[in-house]
Amino acid sequence: MKSIEELNKIRQEALAKMNLRTDEERIRIVVGMATCGISAGARPVLTAFLEEVSKRKLENVVVSQTGCIGLCKLEPIVEVYEPGKEKVTYIEMTPEKARRVVAQHIVNGNVVNEYTIGSYKSE
Amino acid sequence: MNLYRAHVLVCGGTGCHSSNSDKIKEKMEDRIKEKGLENEVKVVMTGCFGLCESGPNVVVYPEGVFYSHVKLSDVDEIVDEHLLKGRVVKRLLFKEAVEENIIKSVNEVDFYKKQTRVALRNCGIIDPENIEEYIAYDGYQALARALTEMTRDEVIQLVKDSGLRGRGGAGFPTGLKWDFTKKASGDKKYVVCNADEGDPGAFMDRSILEGDPHSVLEAMTIAGYAVGSDQGYIYIRAEYPIAVKRLQIAINQAREYGLLGENILNSGFNFDIELRLGAGAFVCGEETALIESIEGKRGMPRNKPPFPANEGLWGKPTLINNVETYANIPVIFQRGVDWFRSIGTEKSPGTKVFALGGKIENTGLVEIPMGTTLRDIIYGIGGGIPKGKDFKAVQTGGPSGGCIPKEYLDTPVDYESLTKLGSIMGSGGMIVMDEDNCMVDIARFFLDFTVDESCGKCTACRIGTRRMLEILEKITSGKGEPGDIEKLEELANNIKDSALCGLGQTAPNPVVSTLKYFRDEYEAHVYEKRCPSGHCRRLVTFVIREDLCKGCGLCKRNCPNDAITGEVREAHVIDPEKCIKCGTCIEKCPFGAIEKR
């Protein structure tokens, strides 16, 4: 390494890999990963979130998992917590839906209403 | 780039390492792979977290969940429950991390909340064997700035303005030392890091070197630029194998990245660092003895002056600073003089790391702003004295320091106020004593250490400290005579005035300070042949109180020397001739009927 530019480049790249280890407030995407969630296909959903967040280099987003919240029939359930905003709950998620949530909600700030629990109509 | 959703930080400091944290890390990685999580969860071995008492420690981010006393057999549960299913394993949490069923993150626990981590800023957070993690947390930015934007004088002025003082104990202004070395004339100059940490129970420097080795390398390189040196040495004791290994890895990585070696960052400045291992002699922490040792000679102090800044290593101007002093340098450059001076006190800015030990709940490493009171350190962060015992004194500064009694618990910790109390800041050992500790015996313990470690060059230290130890041994074994205490005082004053180096000059401090605050204990030993704390066995007799003894016979059955006699349901008696004062009977007696007198 021969320049400060190179040093800064390494710094940026390394920091992106480490930003989990701070107390800063971030957007949290929480995937329900209890037995019900996993059997309904939560793992590919979680992986899709991770891939998308990483691809877009979103530094203020954390992908995490949680247990069963009691609505097993609507799994995979994903909750998005944004600091200072109300929680958004997405239901019956798939990897494709996950990618759209990242693009539309996390990046552009528009909740994908049609996937939320509020739009769910019981048959 | 692979983005992980969780980072598991396993403490790899010497404390946790000795309780198998390396195996815990391996097993954790295996289990994570088994569960198919290896692309989601990353395991990192870091430096010391500071709470060594509760080791091995593991922290899981992003939540900051703090597990303590983790055993190999717990690993599967953490992976299966927490990492796979997102359920925190409550039974393994650090004791204070659960309150009314709310789980606190690691930084909300009292032990950490009350600290200000400057020198330890990266310890327990980054992987010390990965230079990129150091760079991520602003590593080598200070060096880059110094080399490209600042003149040598500006660098020295900044260190001077910060008010940073030597963290090795004496508190000499660091900027001044740099200035002396820069101004000294010589074609070749050296920068040395004193990592010969020798106080019993002190491990501040070890933790910094194990947890954040690059901070020291970066600071030494800045110092090299400022004073005009191209060669640095780190003198570290061979008893610190993990620190030695990580330092060597760090040096190799810095060379690989072009942050050590020739033409650093295209500035035309060359600097390299080598390790020199010490054999563990306490006196080699004294700077001139350390220089002798690097030169390959027997570690013995030289006369001062000339000071190392003018004639040091191989007769050349040499800058010597302590590990913790260096660790403060990069962050002062990054965050500025005003920020640094806003921490601590007017005369002692910044923080100090202390190794808390002895009779205290949270044994470990703490970093506090200068000016924090002893009470805050011991009770606020340290968690107080175990088993509800009474605090008696705190020893600071190791064998060169002194004991501070209860009356002064509200003293703010800085260089001046500790010296005023007859102790010193020292390198940061802090040993807490409770009512069961005998102060005469503590003084004897430290003298025993200095007698062992005296290099023998000057008479005052070689013979003087031995005579003092002999008198202390006489007193603690119940053979003290009138006049002994006065003789101790006279010897102490003479040694202080005439010893060659800091080791000898400060060796009597433990005796002088205990005599100052606990003279009554010395007098009880000498004139009444009694040890008030019941610690000195030869001065104690074990007695069974007739009124409390129920004659159950437990003591009699458990006495290893058959010193107890008595019939069932009648009061028992200890034969003082046979009693070896082991204390077994006291432990066994269900009625508290046995006393030390």
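Student: What percentage of the 597 residues in chain B is buried?

Tutor: Buried means under 20% relative accessible area, exposed over 50%, and partly exposed in between, using a 1.4 Å probe and protein chains only. In chain B, 59% of the 597 residues are buried. One heads-up: this is a predicted model, where local features need pLDDT of at least 70, side-chain atom pairs count only at pLDDT 80 or more, and totals for chains, interfaces and linings use all residues. Residues are numbered from 1 along each chain as its sequence is written, chains are lettered from A and ligands numbered from 1 in the order written, and side-chain values use heavy atoms, leaving out hydrogens and water.

Student: How many residues of helix α9 in chain B are buried?

Tutor: Helices are DSSP runs (H or I, at least four residues) and strands are too (E, at least two), numbered from the N terminus. Helix α9 of chain B covers residues 204-211, and 8 of its 8 residues are buried. Among them are Met204(B), Ile208(B) and Leu209(B), along with Asp205(B) and Arg206(B). Chain B has 24 helices and 19 strands.

Student: How many disulfides does the structure hold?

Tutor: A disulfide is a covalent bond between the sulfur atoms of two cysteines. Here the test is a pair of cysteine sulfur atoms within 2.5 Å, and the structure holds 0 over all chains.

Student: Why is there no bond at Cys531(B)?

Tutor: Because its closest cysteine sulfur, in Cys536(B), is 3.8 Å away, too far for a bond. Cys531(B) counts as buried, at 6% relative accessibility. Cys582(B) is partly exposed at 34%, and its sulfur is 6.2 Å from the closest one, in Cys559(B), again too far.
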